[in-house]
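This briefing introduces a structure to a reader who has not met it before. Please keep the sequence and the model in view while reading.

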Amino acid sequence: MSVAYVALGANLGRPLETLVWAVNEVARLGTLRGVSGLYRTAPVGGPDGQPDYLNAVLALETTHAPAELLAELHAIEAQAGRERRERWAARVLDLDLILYDDVVLDSPLHLPHPRAWERAFVLVPLAELAPDFRHPQTGERVAEALARIGTVGVQRENDPAWPP
């Protein structure tokens, strides 16, 4: 068994309902070990005028290999109606495999996720689940990375529907 951390985001349609549904779908791929709080963040990159995102991270114990797990995550995105047309565009659902144990992969799948340690909308919820996890290449802990980049623009959302 391996532990994978998956970042979830949505800013189109009904983001909260979509994320609740997505957590339940991802949980079918193994054993859910934790779900972070829910956070509202402004879009990073992409076209102007996008609505804010709702973001979270979940920990999943799984027997799926990284590439197989990513394919399953993409299938869940497709079920939710995600269409990959423009990079960093608004989306109904985004599921990113950010960590898989301490595995390092460079091609075609990149692990750890190459931008995770630079994005507060990933690190804030990840720090709830694994603050002491060390980046397998740099050795920097999640909590240290978060202290380095800060939490500006990440707002906790309290909704009775979360966590699912």
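Contact here means that heavy atoms lie within 4.5 Å. By that criterion, and not counting residues up to four places away in sequence, glutamate 25 touches Ile76 and Gln79. The model is a predicted one, in which local features need pLDDT of at least 70, side-chain atom pairs count only at pLDDT 80 or more, and totals for chains, interfaces and linings use all residues. Residues are numbered from 1 along each chain as its sequence is written, and side-chain values use heavy atoms, with hydrogens and water left out.

**Helix H1 and its surroundings**

- Helices (H or I, at least four residues) and strands (E, at least two) are DSSP runs, numbered from the N terminus.
- Helix H1 covers residues 15-27, and the expected span of a helix is 1.5 Å times one less than its number of residues. For the 13 residues of H1 this gives 18 Å, which agrees with the 18 Å between its end C-alpha atoms.
- Accessibility is described in three classes: buried means under 20% relative accessible area, exposed means over 50%, and partly exposed lies in between (1.4 Å probe, protein chains only).
- The buried residues of H1 are Pro15, Leu16, Thr18, Leu19, Val20, Ala22, Val23, Glu25 and Val26.
- These buried residues pack against strands E1 (2-10), E2 (31-35), E3 (38-41), E4 (53-62) and E5 (94-100), and also against helix H2 (66-79).

**Glutamate 25 and the meeting of H1 and H2**

- Glutamate 25 belongs to helix H1 and has a relative accessible area of 14%, so it is buried.
- Its C-alpha atom is 7.1 Å from that of isoleucine 76, although the two residues are 51 residues apart along the chain.
- The axes of H1 and H2 are 11 Å apart and make an angle of about 145°; axes are lines fitted to C-alpha atoms, for helices over the stretch in contact, and angles run from 0 to 180 degrees between N-to-C directions.
- H1 and H2 cross in a right-handed manner. A crossing is right-handed if the near helix is turned clockwise from the far one by less than a right angle, and left-handed if anticlockwise.
- On the H1 side Trp21, Glu25 and Val26 take part, and they meet Leu73, Ile76 and Gln79 of H2.

**The pair H3 and H4**

- Helix H3 (residues 120-129) and helix H4 (residues 142-149) have axes that come within 9 Å and cross at roughly 140°.
- The contact involves Ala120, Leu123, Val124, Leu126 and Ala127 of H3, together with Val142, Ala145, Leu146 and Ile149 of H4.
- H3 and H4 are therefore oblique to each other, given that angles under 35 degrees count as roughly parallel, over 145 as roughly antiparallel, 65 to 115 as roughly perpendicular and the rest as oblique.
- The crossing of this pair is left-handed.

**Salt bridges**

- Side chains of opposite charge can pair when their charged atoms come close.
- The structure contains 10 salt bridges, each being a side-chain nitrogen of Lys or Arg within 4 Å of a carboxyl oxygen of Asp or Glu.
- One of them joins arginine 14 to glutamate 17 at 3.2 Å, N to O. Arginine 14 is exposed at 56% relative accessibility, whereas glutamate 17 is partly exposed at 46%.
- Another joins aspartate 132 to arginine 141 at 3.9 Å, N to O. Aspartate 132 is exposed at 57%, and arginine 141 is partly exposed at 28%.
- Arginine 148 and glutamate 140 form a salt bridge at 3.0 Å, N to O. Arginine 148 is partly exposed at 43%, while glutamate 140 is buried at 19%.
- Glu140 and Arg148 also belong to a network of salt bridges with Glu118.

**The loop between E5 and H3, and backbone features**

- Histidine 113 lies in the loop between E5 and H3 and is buried, with a relative accessible area of 13%. Not counting residues up to four places away in sequence, histidine 113 touches Asp96, Leu97 and Ile98.
- Proline 112 is in this loop, and a cis peptide bond with omega of about -15° joins leucine 111 to proline 112.
- Aspartate 101, likewise in the loop between E5 and H3, has a positive phi of about 45° although it is not a glycine. Aspartate 101 is partly exposed at 29%.
- A cis peptide bond also runs from tryptophan 162 to proline 163, with omega near 0°. Proline 163 is located in the segment after strand E6 (154-157).
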